[in-house]
Amino acid sequence: MDDSPAPVTNEQFWDDRYRSAPAIWSGRPNPQLVANAADLAPGRALDIGAGEGADAIWLAERGWQVTAVDISGVALDRARAAAEQRGAEIAERITWVRADLAEWVPPVAAFELVSVQFMHLTSDVRVPLYDRCIAAVAPGGTALIVGHHVSDLQTTIRRPQLPDLYFEPADVAATLPGDWRVLEAGTSPRMTHDATGAEVQIHDAVLVARRAG
Ligand SMILES: C[S@@+](CC[C@H](N)C(=O)[O-])C[C@H]1O[C@@H](n2cnc3c(N)ncnc32)[C@H](O)[C@@H]1O
């Protein structure tokens with residue numbers, strides 16, 4: 001996803017953003033989700049900030065029971081419709097939850113996969129949210145946390161110029177309890193194009209960690 005996330009987390013902002021176009025995102029699952037979840041045995045998944053639902057639908061198509069949370073009712077209506085287009089069996093595997101993740105508390109130890117993709121929140125909201133996400137992972141489960149890396153601010157790609165919106169995977173890894181194993185905590189480069197069409201290398205921040213079973 002190459003578009004600029006916004007430092008605003010309220011429902012009105014996101015509903016307006018989604019209403020501004022028939023589709024904001026590509027409709028394809030995020031690459032780090034595909035890379036890290038394709039070989040996992042399906043179980044219960046939590047998709048944090050599910051947006052238009054591409055990740056949740058991809059997981060449901062692989063047999064996961066998905067809880068997909070987002071603040072935007074516009075995005076969730078779109079996501080639900082996209083899931084229904086895939087058929088009742090897929091749609092029924094996904095529970096769409098409209099909630100403010102600054103406050104929403106997931107059930108503890110309840111998911112074999114918790115996926116957080118491109119949730120650029122200020123640290124006062126993000127750090128406790130990530131703590132709750134980690135607590136939501138069941139024994140043997142996986143946490144996958146992905147975002148734009150702060151080094152993208154030095155490129156010509158459009159990003160909010162607020163370093164607090166970006167996380168370092170190592171900082172999140174350092175918060176993990178002792179029964180966790182870090183599989184990846186670093187950056188992953190990819191090529192994209194800036195607003196002028198020039199090719200730019202950007203980096204995703206990626207944390208993959210597994211709780212002992
Ligand atoms: C940059 S988009 C990422 C969407 C999706 N994860 C993806 O990668 O395609 C951020 C998403 O987080 C949602 N969001 C932002 N702040 C939120 C909050 N406080 N509570 C719940 N959802 C929020 C937005 O509505 C939006 O769908």
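## Close-up views of a predicted model

**View 1. Ala-60 and its contacts.** Leaving out residues up to four places away in sequence, Ala-60 touches Val-66, Ala-83, Ile-90, Arg-93 and Ile-94. Keep in mind that this is a predicted model. Ala-60 also turns up among the buried residues of helix H3. What's more, in the largest nonpolar core, with its 52 residues, Ala-60 is one of those that touch the most other members, alongside Ala-56, Val-114, Cys-133 and Ala-143. The biggest share of this core comes from H3, which supplies six residues.

**View 2. Helix H3, mostly under cover.** H3 spans residues 54-61, and seven of its eight residues are buried. Which ones are buried in H3? They are Ala-54, Asp-55, Ala-56, Ile-57, Trp-58, Leu-59 and Ala-60. While you look at the helix, here's a handy rule: an α-helix has 3.6 residues a turn, so residues three or four places apart point the same way. Just after H3 comes Gly-63, with a positive phi of about 100 degrees.

**View 3. S1, H3 and S2 as one unit.** Follow the chain from strand S1 through H3 to strand S2 and you trace a right-handed β-α-β unit. S1 (residues 44-48) and S2 pair in the parallel sense, with five bridges. To find one spot along this pairing, look for Asp-47, which stands opposite Ala-68 in S2.

**View 4. Strand S2 and its other partner, S3.** S2 covers residues 65-70 and is mostly covered itself, with five of its six residues buried. S2 also pairs with strand S3 (residues 94-98), again in the parallel sense, over five bridges. Which residue in S3 is the bridge partner of Val-69? That's Val-97.

**View 5. Strand S4, with neighbours to pair with.** Why is S4 (residues 111-117) largely enclosed by the rest of the structure? Because seven of its seven residues are buried. S4 runs parallel to S1, and four bridges join them; Ile-48, for instance, has Val-116 in S4 as its bridge partner. S4 pairs with S5 too, in the parallel sense, over six bridges. Here you can spot Phe-111 standing opposite Val-137 in S5. Put helix H6 (residues 123-135) between S4 and S5, and you get a right-handed β-α-β unit.

**View 6. Thr-142 in strand S5.** S5 takes in residues 137-148, and Thr-142 is found there. Is Thr-142 buried or exposed? Thr-142 counts as buried because it has 21 C-beta neighbours inside 10 Å, and 20 or more is what buried takes. Setting aside neighbours within four places in sequence, Thr-142 is in contact with Leu-40, Glu-112, Leu-113, Val-137, Val-208 and Arg-210. Now look for Glu-84: 58 residues separate it from Thr-142 along the chain, and their C-alpha atoms are 27 Å apart.

**View 7. The shell around the ligand.** Around the ligand there are 18 residues, and Trp-14, Gly-49, Gly-51, Ile-71 and Leu-101 come nearest. What kinds of residues make up this shell? The shell divides into 10 nonpolar, six polar and two charged residues.

Conventions. Residues are numbered from 1 along each chain as its sequence is written. This is a predicted model: local features need pLDDT of at least 70, side-chain atom pairs count only at pLDDT 80 or more; totals for chains, interfaces and linings use all residues. A residue is near a molecule or strand if its C-beta atom, placed from the backbone, lies within 6 Å of it. Ala, Val, Leu, Ile, Met, Phe, Trp, Tyr, Cys and Pro count as nonpolar, Asp, Glu, Lys and Arg as charged, and the others, Gly among them, as polar. A residue is buried if 20 or more other C-beta atoms lie within 10 Å of its own, exposed if 12 or fewer, and partly exposed in between; C-beta atoms are placed from the backbone. Helices (H or I, at least four residues) and strands (E, at least two) are DSSP runs, numbered from the N terminus. Two strands pair if DSSP finds at least two bridges between them. A crossover is right-handed if, with the strands pointing away from the viewer, the path from the first strand over the helix to the second runs clockwise. A nonpolar core is a set of buried Ala, Val, Leu, Ile, Met, Phe, Trp, Tyr and Cys residues joined through C-beta atoms within 7 Å. Two residues are in contact if their C-beta atoms, placed from the backbone, lie within 7 Å.
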